[in-house]
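User: I have a structure open here and would like to go through it with you. Could you take me through what the chains do with each other, and then through the DNA?

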Number of protein chains: 2
Amino acid sequence: MATAKGKKTRVSDGVARERLLKSATLLFTRKGYAGATVREIVAAAGVTKPVLYYYFRNKEGIYLELMRGGFSRFDSLLEESLSVRGSAADRLTRLCTQVFSLFLDHIDVARVMYAIYYGPPQGAPFIDFDAYHRNLQDVVRGLVREGIRKGEFGKGNVDDMMWAILGALNVAMESRLCQPGDAVDQDGLGRVLKIIYRGIAPAGKRDPRGSDVRGKGGRK
Amino acid sequence: MATAKGKKTRVSDGVARERLLKSATLLFTRKGYAGATVREIVAAAGVTKPVLYYYFRNKEGIYLELMRGGFSRFDSLLEESLSVRGSAADRLTRLCTQVFSLFLDHIDVARVMYAIYYGPPQGAPFIDFDAYHRNLQDVVRGLVREGIRKGEFGKGNVDDMMWAILGALNVAMESRLCQPGDAVDQDGLGRVLKIIYRGIAPAGKRDPRGSDVRGKGGRK
DNA sequence: GTCTATATTGAGATAGAC
DNA sequence: GTCTATCTCAATATAGAC
């Protein structure tokens, strides 16, 4: 990230950039993409307009950078989950836990995404949120399928299992967005997933409740 | 509403009113609450401004009427579910099915609600969506508790079970909002709920109807 | 009263000095 | 990299003709 030449600057490289990203997130959240003005964003960041244009080209640029930051990490998680080894349940839990963790770490950016996705048109550049949603679905579906193939899960409708799992992840995230007080945390998500694994276990092989409550995977 | 003809109405009572509600829903969905002008709404409904004023007083009035329409039915469902008899699972499924049905019947109003809830401030009158969400949580939690008390569900964290069930309902609704093509339908929701009932069944006992989690879709 | 032309504002964006 | 100063443009507001 730092410039190769190590040129001296008034503030160290990227500080203003980070401040801008932060203030843009805050203001996009509070007033929407259209409602947040470049003036407010730079004022809140304690810099002047040209600084924003220097780093991000324009208002759309800083918005896209926000989105890209979140989604690139998300893509990494999906990719990583394909190479990780372990039981299907462990891999699913790992994936959900990591996605949830990413969500919690950037919940303010997530709010902006939700507002753009569900909210009215605001002139923001198009982001194909549905594609990311489908990617997650595909990965989860693949892991479920593998679990069935290995006999870890019972035979049944793969999509039903996928929806049950995504429902757990989804409700955890949205409970955070909606009621930060009484919401689902990482452990809660892990426990809800356990309920689902038990529900999709093969007919004869249901392990007793709470036989493995750890979220990091039973054996490693 | 006043069916008495105190005023001169050119169309039969309620027709213009319904047309206004429909066009307002459409325009609130497309352009947001703030973006939809009274002019457009009445034009789309084929009536004149005074007609809107007569039925709804103003833009806020027609918006509140939309919200009230959805939520009053929702409240009825919650209330009704308290008096219905049957197993906890049946009552939970019945409640979720009915809520989902209500959602599907008024999915365009639901879109407006989502946009207001998650979207940026648009100057719309405040609606306490969180309260409705909490109400649903409370009813589901109560039904889960009863299921545990009657031995239908195993002992365990009541909230975890509640979140699993709400996750299923939630993901069904949002899959409809997001990807109308490949979404969850009533049967799908029922099957996902079965998975969860199995997952929260008492340790030794298998839910008779949940013994087959296979849906008609099979593997996809 | 309503309409239209003009003024004003406030938005995003840029040039060039340092 | 950052600043001061400025530009363009569209929406809004207003004034004055009709």
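User: How much area do chain A and chain B bury between them?

Analyst: In this predicted model, chain A and chain B bury about 4,200 Å² between them, with 55% of it on carbon and sulfur atoms; buried area is the accessible area (1.4 Å probe) that two parts lose on being put together, summed over both. Local features need pLDDT of at least 70 and side-chain atom pairs count only at pLDDT 80 or more, while totals for chains, interfaces and linings use all residues, and side-chain values use heavy atoms, with hydrogens and water left out. Residues are numbered from 1 along each chain as its sequence is written, and chains are lettered from A and ligands numbered from 1 in the order in which they are written.

User: How many residues does the contact take from each chain?

Analyst: The contact, meaning heavy atoms within 4.5 Å, takes 49 residues from chain A and 53 residues from chain B. Because 88% of the interface residues of chain A are also interface residues in chain B, the copies meet through the same surface.

User: What rotation superposes chain A on chain B?

Analyst: A rotation of 180° with 0.0 Å of shift along its axis does so, with an RMSD of 0.1 Å, where copies are superposed by least squares on the C-alpha atoms of residues with pLDDT of at least 70 in both. That is the relation of a two-fold axis.

User: And how many salt bridges are there across the interface of chain A and chain B?

Analyst: The rule, which asks for a side-chain nitrogen of Lys or Arg within 4 Å of a carboxyl oxygen of Asp or Glu, finds two salt bridges across that interface. One of them joins Arg191(B) to Asp160(A), whose closest N and O atoms are 2.5 Å apart.

User: Switching to the DNA, which residues are around strand C?

Analyst: Counting a residue as near if one of its heavy atoms lies within 4 Å, those around DNA strand C include Ala36(A), Thr37(A), Arg39(A), Lys49(A), Tyr53(A) and Lys59(A). Of the strand's atoms within 4 Å of the protein, 56% belong to sugar or phosphate and the rest to bases.

User: Which side chains have a polar atom by a base nitrogen of strand C?

Analyst: A polar side-chain atom of Arg39(A) lies 3.3 Å from a base nitrogen of DNA strand C, and for Lys49(A) the distance from a polar side-chain atom to a base nitrogen is 2.3 Å.

User: What about a phosphate oxygen of strand C?

Analyst: A phosphate oxygen of DNA strand C is 3.1 Å from a polar backbone atom of Lys59(A).

Definitions and conventions. A polar contact is a pair of N or O atoms within 3.5 Å; within protein, one must be able to donate a hydrogen and the other to accept it, and residues adjacent in sequence count only if both atoms are side-chain atoms.
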